[in-house]
Amino acid sequence: MSGPDRVSVPGQGQALDYLGGKPVSELIGADCTIEWSGVDGAVKGTIKKQTDFTAFSAKQKTGHFFPVELDEKYEGAPITVDNGDGKPKTETDRHWTIRVENIKGTRVTFAAAGETILTLDFSGATLEGDDG
């Protein structure tokens, strides 16, 4: 399996129930895609800045958020997401939202049962509303 077989980006019109019903179109631009090389994905396009996204986190409610949905084959499996901060997070969930500002470096790695499912590199994404 390659990266595109393992993950998808929810469609622009989809409302994310697990994030208070926020539409994907408010998080990312219609130009947002993932370019794949095996299990390594390069995120391209616009990730919109959020200023009061309390459905994500009361403490980290400002930033750029990228939603992904893992393939159904990962339903019920513990998934570990490592954003390079030395504190990988493991949850039994297929729906993830990455806060780009939490990434140390540019890459996030998803793993199950000790095996890498995919990596996402955000170095090519455009962070809308970013002053930097």
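**A walk through the fold**

Starting at the N terminus, the elements run α-β-β-β-β-β-β-β-β-β-β-β-β-β. That comes to 1 helix and 13 strands in the secondary structure. Keep in mind that this is a predicted model.

Now for the overall dimensions. The C-alpha trace spans about 35 × 30 × 25 Å along its principal axes. For 132 residues, a compact globule would have a radius of gyration near 14 Å, and the protein has 14 Å, so the two agree. As for what sits inside, buried residues account for 40% of the 132 residues. The chain also reaches across its own sequence: take the contacts between residues at least 6 apart, and 54% of them join residues at least 24 apart.

On the outside, the protein exposes about 6800 Å², with carbon and sulfur atoms supplying 44% of that area. If you're thinking about electrostatics, there are 14 positive and 21 negative side chains. The centres of these two sets lie 6 Å apart.

Let's zoom in on one residue, Lys22, which belongs to strand E3 (residues 22-23). Is Lys22 buried or exposed? Its relative accessible area is 18%, and since the cut-off for buried is under 20%, Lys22 counts as buried. What does the side chain of Lys22 make a polar contact with? The partner is the side chain of Gln50, at 3.2 Å. Gln50 also turns up in the wider set of contacts: setting aside neighbours within four places in sequence, Lys22 touches Gln14, Ala15, Leu16, Leu27, Gln50 and Phe53.

Key. Residues numbered from 1 in each chain as written. Predicted model: local features only at pLDDT ≥ 70, side-chain atom pairs only at ≥ 80, totals over all residues. Heavy atoms only, no water. Helix = DSSP H or I, 4+ residues; strand = E, 2+ residues; numbered from the N terminus. Rg over C-alpha atoms; globule rule 2.2 N^0.38 Å. Buried < 20%, exposed > 50% of the residue type's maximum accessible area, 1.4 Å probe, protein only. Contact = heavy atoms within 4.5 Å. Areas by Shrake-Rupley, 256 points an atom, 1.4 Å probe, with all protein chains shown as cover. Lys, Arg positive; Asp, Glu negative; His and termini not counted. Charge placed at Lys NZ, Arg CZ, Asp CG, Glu CD. Polar contact = N/O pair within 3.5 Å; in protein donor to acceptor, adjacent residues only side chain to side chain.
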